[in-house]
Amino acid sequence: MKLIKSLQQKKYRNEHGLFVIEGKKALEELLASVILPYKVYVTNTANFNVKCDCLQLVSAKELQQMSALKNSNGVLGVFHILPSEPIGFKDWILVLDGIQDPGNLGTIIRLCDWFGISSLVCSQDTVDCYNPKVLQATMGSIARVNISYTDLSLFLQGNILPVYGSFMNGASVYESELPEKGILVMGNEGNGISDAVTQFCTYGISVPQYGKATTESLNVGTASAILLNEIRRKE
């Protein structure tokens, strides 16, 4: 129980190579993936009919003590962190510069899964993809997207693909010619793309605003969805 509680913190997730995820659907997705389970705890085996050699029955009180949720939903899994694979440059790559909100990152991981973006590259100050709140938002998509954390300046400096940055003053994505493969950079929720990364952006694109200017910007998850949809639509 002490180990499981410690995995709420990035330091201990990295130390043990394990992460925690809660929710029946998310666990079923991970158990059907290449991510290896360490232990799965349930309060009622009849409600969890997925075959798993590491299934353990616990009381509702015990599960609540393990859980990071205010009200545990009856199932909790501990899984081994999946090592990142080499980044492929044969398709579009999504790059995140300083994303801080767990919900936004979880949504973007789901978008990558939906739009078939296999590689997601994150700056080192982007929220940890194994943060419990991120995992809740991915709904299992964490198993199907190759996520890497690296120094973006070094990554982009050695890159051969065109780099499209999302900027408020960028050209409308609907009027931009988009190649078959490239890199799309999305910036921090409040500050956008950092100066260090901006210098590597060869093109600036945006989602045009049609309403009144009282809305300052789009949520980064929403903007990512629109841009990725347009990238795939123009293929």
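Me: Which residues does Arg-232 touch, not counting residues up to four places away in sequence?
Reply: This is a predicted model, in which local features need pLDDT of at least 70, side-chain atom pairs count only at pLDDT 80 or more, and totals for chains, interfaces and linings use all residues. Residues are numbered from 1 along each chain as its sequence is written, and side-chain values use heavy atoms, with hydrogens and water left out. With contact defined as heavy atoms within 4.5 Å, the partners of Arg-232 are Asp-91, Trp-92, Phe-115, Gly-116 and Ile-117.

Me: Is Arg-232 buried or exposed?
Reply: Buried means under 20% relative accessible area and exposed over 50%, with partly exposed in between (1.4 Å probe, protein chains only). Because its relative accessibility is 18%, Arg-232 counts as buried.  The term thus applied to Arg-232 is buried.

Me: Where do the buried residues Ala-26, Leu-27 and Leu-30 lie around the axis of H3?
Reply: In helix H3 (residues 24–31; helices are DSSP runs of H or I, at least four residues, and strands are runs of E, at least two, numbered from the N terminus), Ala-26, Leu-27 and Leu-30 are buried. Their arc, taken from the directions from the helix axis to the C-beta atoms, is only 95 degrees, which puts them on the same side of H3.

Me: Which strands do the buried residues of H3 pack against?
Reply: An α-helix has 3.6 residues a turn, so residues three or four places apart point the same way. The buried residues of H3 pack against strand E1 (18–22), strand E2 (37–42) and strand E4 (75–80).
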